[in-house]
Amino acid sequence: MKSWAFRTLAVTVAFVLAAKLGDAFSSLGQLPPVWPPAAVVVAASLLYGPRVLLGVLAYIFYDYSTIHSWQETLLDGWVEPLSTLAGSVGLHVWARTFRQPLQFDRAGRVMSVLVAGMLYAVFYAAVSSTGY
């Protein structure tokens, strides 16, 4: 229990810091090639599974609620957290189904994780866009 709570807190803090970093880059008029918070979600999903994203999902919902009315939040505030969760579950299932080791000792393993990250991005964008 302690380990899960600590991991959840650590992943949430890493996500928030990555979001601030991504916002800093975008306010300069530049988008990073990899959106830092998405990279945190992909890494956490592959390492620990979707359950450690509870704090991240709450933060995403909270962040949405700070810039939208409560009516919009009730209608649309769930789209991004659920898209994140769905993508995370998909990555976790993919890693377990195909027994993807997280050892990057061969180029094929590195490429498979890169492809998984790109598929996550496409899936997340499609689901998020559809939800609005």
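**Notebook: contacts and helices in a predicted model**

I looked first at W4: leaving aside its neighbours within four places in sequence, W4 is in contact with R51, V52 and L54, contact meaning heavy atoms within 4.5 Å. I note that this is a predicted model, in which local features need pLDDT of at least 70, side-chain atom pairs count only at pLDDT 80 or more, and totals for chains, interfaces and linings use all residues. Residues are numbered from 1 along each chain as its sequence is written, and side-chain values use heavy atoms, with hydrogens and water left out.

**Entry 1: W4, continued**

I placed W4 in helix α1; helices (H or I, at least four residues) and strands (E, at least two) are DSSP runs, numbered from the N terminus. Is W4 buried, partly exposed or exposed? W4 counts as partly exposed because its relative accessibility is 28%; buried means under 20% relative accessible area, exposed over 50%, and partly exposed in between, with a 1.4 Å probe and protein chains only. I then checked R51, whose C-alpha atom is separated from that of W4 by 8.5 Å, with the two positions 47 residues apart along the chain counted as their distance apart. A polar atom of the W4 side chain lies 3.4 Å from the backbone oxygen of R51. I used the polar contact criterion here: a pair of N or O atoms within 3.5 Å, where within protein one must be able to donate a hydrogen and the other to accept it, and residues adjacent in sequence count only if both atoms are side-chain atoms.

**Entry 2: the overall fold**

I counted six helices and zero strands in the protein. Along the sequence the pattern reads α-α-α-α-α-α. Of the 132 residues, 33% are buried. I also looked up the contacts between residues at least 6 apart in sequence, and 66% of them join residues at least 24 apart. The accessible surface comes to about 8,300 Å², and carbon and sulfur atoms account for 71% of that surface; accessible areas come from the Shrake-Rupley method with a 1.4 Å probe, and for residues only the protein chains shown count as cover.

**Entry 3: helix α1**

I took α1 as residues 2-27, which is 26 residues reaching 37 Å from the first C-alpha to the last, close to the 38 Å expected at 1.5 Å a residue. The expected span is 1.5 Å times one less than the number of residues in the helix. The buried residues of α1 are T8, V11, T12, F15, A18, A19 and G22. An α-helix has 3.6 residues a turn, so residues three or four places apart point the same way. Against which helices do the buried residues of α1 pack? They pack against α2 (36-48) and α3 (54-67). I singled out T12, which counts as buried because its relative accessible area is 15%. Not counting residues up to four places away in sequence, T12 touches G55 and V56. Just after α1, I found G29 with a positive phi of about 85°.

**Entry 4: helix α2 and S45**

The 13 residues of α2 should span 18 Å at 1.5 Å a residue, and the end C-alpha atoms are 18 Å apart, which agrees. I listed P36, P37, V40, V41, V42, A44, S45 and L46 as its buried residues. S45 is buried, with a relative accessible area of 0%. A polar atom of the S45 side chain lies 2.7 Å from the backbone oxygen of V41. Which residues does S45 touch, not counting those up to four places away in sequence? S45 touches L53, S88, L91 and H92. Just after α2, G49 takes a positive phi of about 95°.

**Entry 5: helix α5 and S83**

I compared the span of α5 with expectation: its 19 residues should cover 27 Å at 1.5 Å a residue, and its end C-alpha atoms are 26 Å apart, which agrees. The buried residues of α5 include S88, L91 and H92. S83 lies in α5 (residues 79-97) and is buried, with a relative accessible area of 0%. The C-alpha atoms of S83 and A125 are separated by 8.3 Å, and the two residues are 42 apart along the chain. R99 follows α5, and its phi is positive, near 45°.

**Entry 6: a surface patch**

I recorded V110 in helix α6 (residues 107-131). V110 is partly exposed, with a relative accessible area of 30%. V110, M111, L114, V115, M118 and L119 form a nonpolar patch on the surface, with about 550 Å² of accessible area together. Such patches are made of residues with over 30% relative accessible area and no salt bridge, like charges being joined within 9 Å and nonpolar side chains (Val, Leu, Ile, Met, Phe, Trp, Tyr) within 5 Å. A salt bridge is a side-chain nitrogen of Lys or Arg within 4 Å of a carboxyl oxygen of Asp or Glu.
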